[in-house]
Amino acid sequence: MKNSILEQVRLELKNSVDEKTLDTAQHFFKEQITAYGVKVPVVNKISSSFLSEIRSKSKQEVFDLCEELWRSGMLEESFIACSWSYAICKKFEPSDFEVFERWVQNYVDNWASCDTLCNHTVGEFIEMYPQFLSKLKEWATSENRWMRRAAAVTLIIPARKGLFLNDIFEIAELLLADKDDLVQKGYGWMLKAANQAYQTEVLDFVIKYKTTMPRTALRYAIEKMPQEMKAQAMKR
């Protein structure tokens, strides 16, 4: 049955290839990606068409399907894996962290897969089980660039809700001098999201570290601030 669903998904993806999307897909990534060349809204539609079937399965069955999708190395299949794992978030248990950590460590190899998994599946898990914030801080010290980015982008949606501010600042401090521009953008984005609920606190953080924070991270962090706050943050 598992193979049957995956065969259907893969057939639909192959039948939905858009030549322009295929030709331009690589332009959005510095690292090499492998893709069918299917537009994201079409991928989402294919993914959604299986959701009722996915929700009727056990969590382990869904995770096994997701694992197979991740293992393919195809960009669009990773998006479907992210969608299906998030669709069963009500079934998440603390032990599932090991599954998500393995996916980030072993399969994530581009910013789009990283953000799609972490914004939703992992972010939702952390809201349910905030004791795992300490694990995100471990990710922030990993040699794997995607784990470091994941440490930050997992907290984007919680940050918008005004959650975990102290932990957000701790993770930003751990990533502060990171040389990788995708990690810098990741924690800058996290700070920008926290700014929605804590404008003054985020500005104070940025000003405190503005001489050591890379300009890429700083610009992301202050993007939505009022002009006078931006000027304050950018002043050397």
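Tutor: Welcome! A salt bridge here is a side-chain nitrogen of Lys or Arg within 4 Å of a carboxyl oxygen of Asp or Glu. Keep in mind that this is a predicted model.

Student: Thanks! How far apart are the closest N and O atoms of E68 and R71?
Tutor: Both residues lie in helix α5, which covers residues 59-71. They are three residues apart, about one turn of the helix. E68 and R71 form a salt bridge, and their closest N and O atoms are separated by 2.8 Å.

Student: Is R71 buried, partly exposed or exposed?
Tutor: Its bridge partner E68 has a relative accessible area of 24% and is partly exposed. For R71 the value is 49%. Exposed needs over 50%, so R71 with its 49% is classed as partly exposed.

Student: Now a pair from elsewhere: which residue forms a salt bridge with R145?
Tutor: The closest N and O atoms of this bridge are 2.7 Å apart, and they belong to R145 and D180. The pair links distant parts of the chain, 35 residues apart, with R145 in helix α10 (residues 145-153) and its partner in the loop between α12 (165-175) and α13. So, by the 4 Å cut-off, the bridge partner of R145 is D180.

Student: And is D180 buried or exposed?
Tutor: R145, at 26% relative accessibility, counts as partly exposed. D180 has 14%. The limit for buried is under 20%, so D180 counts as buried.

Student: Which residue caps the N-terminal end of α13?
Tutor: A side-chain oxygen of the capping residue lies 2.9 Å from the backbone nitrogen of L182. That oxygen belongs to the residue that also forms a salt bridge with R145. The cap of α13 is D180.

Student: What does α13 reach from its first C-alpha to its last?
Tutor: The helix has 15 residues. At 1.5 Å a residue, 21 Å is expected. The computed reach is close to that, at 21 Å.

Student: How many residues of α13 are buried?
Tutor: One of its residues, Q184, has a relative accessible area of 8% and is buried. K185 in the same helix is partly exposed at 26%. Helix α13 is mostly covered, and of its 15 residues the number buried is 13.

Student: Which residue meets K185 in a salt bridge?
Tutor: Both partners lie in helix α13, four residues apart, about one turn of the helix. The N to O distance is 3.7 Å. The partner of K185 is D181.

Student: How many residues does helix α13 give to the largest nonpolar core?
Tutor: That core has 90 residues, and those with the most contacts inside it are W84, Y187, L191 and M213. Helix α13, residues 181-195, gives the most to this core, and its contribution in residues is eight.

Student: Which proline is in contact with Y187?
Tutor: Leaving aside neighbours within four places in sequence, Y187 is in contact with residues including A152, A172, L175, L176, M213 and A217. Q184 also touches A217, and its contacts include D178, K179 and T216. The proline in contact with Y187 is P214.

Student: Last one: how many aromatic pairs does the structure hold?
Tutor: Ring pairs link F63, W70, F92, F97, F100, W103, Y107, F125, Y129, F132 and W139 into a cluster. Over the structure, the number of aromatic pairs is 17.

Methods
Residues are numbered from 1 along each chain as its sequence is written. This is a predicted model: local features need pLDDT of at least 70, side-chain atom pairs count only at pLDDT 80 or more; totals for chains, interfaces and linings use all residues. Side-chain values use heavy atoms; hydrogens and water are left out. A nonpolar core is a set of buried Ala, Val, Leu, Ile, Met, Phe, Trp, Tyr and Cys residues joined through side-chain atoms within 4.5 Å. Buried means under 20% relative accessible area, exposed over 50%, partly exposed in between (1.4 Å probe, protein chains only). Helices (H or I, at least four residues) and strands (E, at least two) are DSSP runs, numbered from the N terminus. Contact means heavy atoms within 4.5 Å. The expected span of a helix is 1.5 Å times one less than its number of residues. A polar contact is a pair of N or O atoms within 3.5 Å; within protein, one must be able to donate a hydrogen and the other to accept it, and residues adjacent in sequence count only if both atoms are side-chain atoms. Rings of Phe, Tyr and Trp (its six-membered ring) pair if their centres lie within 6.5 Å; planes under 30 degrees apart count as stacked, over 60 as edge-to-face and the rest as tilted.
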